[in-house]
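Work through the following exercises with the sequence and the model side by side. Each task is followed by a solution that goes step by step.

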Amino acid sequence: MEIFTLFIIFILIELFESKWQKSQTLHGVLLNNLFTFKKNIFLYVLFNTGFIYSIFLTVYLDNYSFMMLSIVFIKFFDIGLRLSIIQKINDGIHLNEIIPDIEMKPLYRYLNVITYPLTFLFSI
């Protein structure tokens, strides 16, 4: 029962992350990240709850398997990439020069809700 509860919480957290970053385009997602980052860096870190929760799960369950650590690494890499793009925007580089603008279809927007919790289940 405990694993099922942790799994459901993971899904809800990923839904929250998808919701606050929601936009019709990739540039919109990045601009949402920039807006939150400019408000407060600590708020930005707290809004990336999936990363914090995946670290919690790794330690709480004492699960240092390849699959579990892959979730933590990919989320760390994702946040680092977004912070790098935010820094380039702050340096005056136009967003089109950094990354192409693609339409965010529902599959792209909610892929994290499927991928990370399922990977968590496979890591158990």
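Buried means under 20% relative accessible area, exposed means over 50%, and partly exposed lies in between. Keep in mind throughout that this is a predicted model.

**Exercise 1. Salt bridges around Lys75**

Task: Find which residue forms a salt bridge with Lys75 at 2.9 Å, and decide whether the two partners are buried or exposed.

Solution. Begin with the general idea that side chains of opposite charge can pair when their charged atoms come close. Lys75 forms a salt bridge with Glu14, and the closest N and O atoms of the two are 2.9 Å apart. This pair links distant parts of the chain, since Lys75 belongs to helix H5 and Glu14 to helix H1, 61 residues apart. As for burial, Lys75 is buried, and so is Glu14.

Next, look at Glu17, whose side chain meets that of Lys75 in a salt bridge with an N to O distance of 3.8 Å. Glu17 lies in helix H1 and Lys75 in helix H5, so this pair ties together parts that are 58 residues apart in sequence. Both Glu17 and Lys75 are buried.

**Exercise 2. A salt bridge inside one helix**

Task: Determine how far apart Asp78 and Arg82 are in helix H5, and say which of the two is buried.

Solution. The side chains of Asp78 and Arg82 meet in a salt bridge, with 2.9 Å from N to O. Because they are four residues apart in helix H5, Asp78 and Arg82 are separated by about one helical turn. Asp78 has a relative accessibility of 32% and therefore counts as partly exposed, whereas Arg82, at 5%, counts as buried. Returning to the earlier pairs, salt bridges that share partners join Glu14, Glu17 and Lys75 into one network. The count of salt bridges comes to three.

**Exercise 3. The largest nonpolar core**

Task: State how many residues the largest nonpolar core has, and find which helix gives the most to it.

Solution. The largest nonpolar core has 14 residues, and those with the most contacts inside it are Leu30, Tyr44, Ile85, Ile89 and Leu95. Helix H2, which runs over 26-39, and helix H5, which runs over 66-90, each supply at least two residues of this core. H5 gives the most, with five residues.

Now take Tyr44 by itself: leaving aside its neighbours within four places in sequence, Tyr44 is in contact with Trp20, Asn33, Thr36, Phe37, Ile79, Arg82, Leu83 and Ile86. Apart from the largest core lies another core, of ten residues, and among them are Tyr53, Leu57, Met68 and Phe120.

**Exercise 4. Asn33, a polar residue**

Task: Classify Asn33 as buried or exposed, and find the side chain with which its own side chain makes a polar contact.

Solution. Asn33 has its place in helix H2. Its relative accessible area is 0%, so Asn33 is buried. A polar contact of 3.4 Å joins the side chains of Asn33 and Gln21. If residues up to four places away in sequence are not counted, Asn33 touches Trp20, Gln21, Tyr44, Arg82 and Ile86.

**Exercise 5. Leu6 and Ser123**

Task: Identify the helices that hold Leu6 and Ser123, and list what each residue touches beyond its neighbours in sequence.

Solution. Leu6 lies in helix H1, residues 2-20, and because its relative accessibility is 8%, Leu6 counts as buried. Leaving aside neighbours within four places in sequence, Leu6 is in contact with Tyr53, Phe56, Leu57, Tyr60, Leu61 and Phe120. The C-alpha atoms of Leu6 and Pro117 are separated by 9.2 Å, while the two residues are 111 residues apart along the chain.

Ser123 is in helix H8, residues 111-123, and with a relative accessible area of 10% Ser123 is buried. A polar atom of the Ser123 side chain lies 2.6 Å from the backbone oxygen of Phe120. Not counting residues up to four places away in sequence, Ser123 touches Asn63, Ser65, Met67 and Met68.

**Exercise 6. A nonpolar surface patch**

Task: Find which helix supplies the largest share of the nonpolar patch.

Solution. The patch, of about 540 Å², is made by Ile41, Phe42, Val45, Leu46, Ile52 and Leu83. Its largest share, four residues, comes from helix H3, residues 41-47. Val45 is found in helix H3, and its relative accessible area of 44% makes Val45 partly exposed.

Notes. Residues are numbered from 1 along each chain as its sequence is written. This is a predicted model: local features need pLDDT of at least 70, side-chain atom pairs count only at pLDDT 80 or more; totals for chains, interfaces and linings use all residues. Side-chain values use heavy atoms; hydrogens and water are left out. A nonpolar core is a set of buried Ala, Val, Leu, Ile, Met, Phe, Trp, Tyr and Cys residues joined through side-chain atoms within 4.5 Å. Buried means under 20% relative accessible area, exposed over 50%, partly exposed in between (1.4 Å probe, protein chains only). Contact means heavy atoms within 4.5 Å. A polar contact is a pair of N or O atoms within 3.5 Å; within protein, one must be able to donate a hydrogen and the other to accept it, and residues adjacent in sequence count only if both atoms are side-chain atoms. Patches are made of residues with over 30% relative accessible area and no salt bridge: like charges are joined within 9 Å, nonpolar side chains (Val, Leu, Ile, Met, Phe, Trp, Tyr) within 5 Å. Accessible areas come from the Shrake-Rupley method with a 1.4 Å probe; for residues, only the protein chains shown count as cover. A salt bridge is a side-chain nitrogen of Lys or Arg within 4 Å of a carboxyl oxygen of Asp or Glu.
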